[in-house]
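I sat down to look a structure over and keep notes as I went. These are the entries, roughly in the order I looked things up.

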Amino acid sequence: MRVSLNVVCPFAGTPIDTFVDELAAVRDAGFRRVWMAQSPLDGDLLTALAIALREVDDIEVGTAVLPIQTQHPTLLAQRALTLNAVAGGRLLLGLGLSHQPISEGMWGIPYDRPVRRMREYLDALQPLLAGQPVDTVGDTVTARAALMIADAPEPEIYLAALGPQMLALCARRASGTLTWMCGPKTLGEYIIPTLRAAARDAGRREGSVRVVAGLPVSVTDDVAGARAQASEQFGMYAVMPSYRAMLDREGYVDGTDAAIIGDEQAVAERLDELSAAGVDELSAVVFDSSPEARDRTLALLRAKDT
């Protein structure tokens, strides 16, 4: 199982310098890949990555995730291809639909028909990323364009998919799924079998559709203290319907239970459980504020990366 990091894009202080330093630190710590989210209130992730990936080599960066509602697929194709040309093909494009309170409450964009919305978005986006013209008219997305961006590698697409219809779409159209707050039972008994079966039905080789599982991790002897931090940082996911359904499947009360916390042996056993369930990549959020716990966590994650 590959192990990567999932880090918050830092925009405080001198934002671009901080961003570049953070990405370089992850690379220097020995990780080959990092995933970064686009927060609805922070700076623009792709703009920052255009500079950071020019400055920092030998590491891949995935977006986990970019919400599709806030930009037309033609614009995203232009930005992603330009960035991947800068990065030399090191960009992974993770896409998602955010959440109804954000889409409708903040942006004023309907959240209905999410699977159709994503499918039509991909109908427009994927040909453009592949250097082909597009002429598509849908209920939610219309696009007519032919981009002229030479020598830009096509980025792989990952989808934030949890429901069966979105997992089926992911199996047909994407390189993999990005999950969050899903434990080994949910992954091994629901997410992975659903995705693999849909891939077979679509005529794709099962291993071509990968599962990237995002989870908080802390290697520590202060389990109670780490759980308190996890409750503060991840407790909110218990009230978001898509994550609540995954937590219920696992028998978890909230995101605190999903966090992987314990000493080296305990955490290693939890990671082995994920690998045995069929997870292709762990995208670990190192959340503990203790420098010692962070160092121990990074050391174990590096050792478990295969």
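My notes below go through a few helices, some buried residues, some odd backbone spots and a cavity.

**Entry 1: helix H5**

I kept in mind from the start that this is a predicted model. I began with helix H5, which covers residues 114-129. I wanted to know whether its length made sense: 16 residues at 1.5 Å a residue should span 22 Å, and the end C-alpha atoms are 22 Å apart, so the two agree. I also looked for a bend and found one of about 25 degrees at Leu 122.

Next I asked which residues of H5 are buried. My list is Arg 117, Met 118, Glu 120, Tyr 121, Leu 122, Ala 124, Leu 125, Gln 126, Pro 127, Leu 128 and Leu 129. Leu 122, where the helix bends, is on that list. The buried residues pack against helix H3 (73-87) and helix H6 (164-173), plus the strands E5 (91-96), E6 (134-137), E7 (142-145) and E8 (156-159). Just past the end of H5, I noted that Gly 131 has a positive phi of about 80 degrees.

**Entry 2: Ala 124**

I picked one residue of H5 to follow up, Ala 124. Its relative accessibility is 0%, so I put it down as buried. What does Ala 124 touch, leaving aside neighbours within four places in sequence? I found Pro 73, Val 134, Thr 136, Val 141 and Ala 143. I also checked a long-range pair: Ala 124 and Phe 19 are 105 residues apart in sequence, and their C-alpha atoms are 31 Å apart in space.

**Entry 3: helix H6 and Leu 169**

I moved on to H6, where Met 166, Leu 167, Ala 168, Leu 169, Cys 170 and Ala 171 are buried. What covers them includes H5, E8, strand E9 (176-180) and H7.

From that set I took Leu 169, which sits in helix H6. It comes out at 1% relative accessibility and therefore counts as buried. Not counting residues up to four places away in sequence, Leu 169 touches Val 115, Met 118, Arg 119, Leu 122, Leu 159 and Ala 174. Leu 122 turned up again there; I had it down already as the bend site of H5. For distance, I looked at Leu 169 and Pro 216: they are 47 residues apart along the chain, with 27 Å between their C-alpha atoms.

**Entry 4: helix H11 and its surroundings**

H11 runs over residues 264-277. I checked its length too: 14 residues reach 20 Å from first C-alpha to last, close to the 20 Å expected at 1.5 Å a residue. Its buried residues are Val 267, Ala 268, Leu 271, Leu 274 and Ala 277. Among the elements covering these I listed helix H7 (184-201), strand E10 (210-219), strand E11 (260-262), strand E12 (281-286) and H12. Just after H11 comes another glycine to note: Gly 278 has a positive phi of about 110 degrees.

In H12 (residues 291-304) I looked up Thr 297. At 1% relative accessibility, Thr 297 counts as buried. Leaving aside neighbours within four places in sequence, Thr 297 contacts Val 217, Ser 218, Val 219 and Val 286.

**Entry 5: the cavity**

How many cavities of 30 Å³ or more are there? I got 1, with a volume of about 40 Å³. Its lining is Gly 183, Pro 184, Leu 215, Tyr 252, Ala 258, Ile 260, Arg 270, Glu 273 and Leu 274. By class I have 6 nonpolar, 1 polar and 2 charged residues. H11 gives the most to this lining, with 3 residues. One lining residue, Leu 274, was already among the buried residues of H11.

**Entry 6: backbone oddities**

Last, I went through unusual backbone geometry. The peptide bond from Ala 64 to Val 65 is cis, with omega near 0 degrees. Val 65 lies in the loop between strand E3 (60-63) and strand E4 (66-67).

I also noted positive phi values outside glycine. Arg 113 has one of about 50 degrees, and Arg 113 is in the loop between helix H4 (100-106) and H5. Is Arg 113 buried or exposed? At 39% relative accessibility, Arg 113 counts as partly exposed. Asp 151 has a phi near 60 degrees and belongs to the loop between E7 and E8. With a relative accessible area of 78%, Asp 151 is exposed.

Terms used:
Residues numbered from 1 in each chain as written. Predicted model: local features only at pLDDT ≥ 70, side-chain atom pairs only at ≥ 80, totals over all residues. Heavy atoms only, no water. 1 Å grid on protein atoms, 1.4 Å probe; cavity = no way out; pocket = protein on both sides within 12 Å on 5 of 7 lines; lining within 4 Å. Points joined across faces, edges and corners; volume = space filled by probe spheres on them. Helix = DSSP H or I, 4+ residues; strand = E, 2+ residues; numbered from the N terminus. Nonpolar A, V, L, I, M, F, W, Y, C, P; charged D, E, K, R; others polar. Expected span 1.5 Å × (residues − 1). Bend = angle between axes of the 7 residues up to and from the residue. Buried < 20%, exposed > 50% of the residue type's maximum accessible area, 1.4 Å probe, protein only. Contact = heavy atoms within 4.5 Å.
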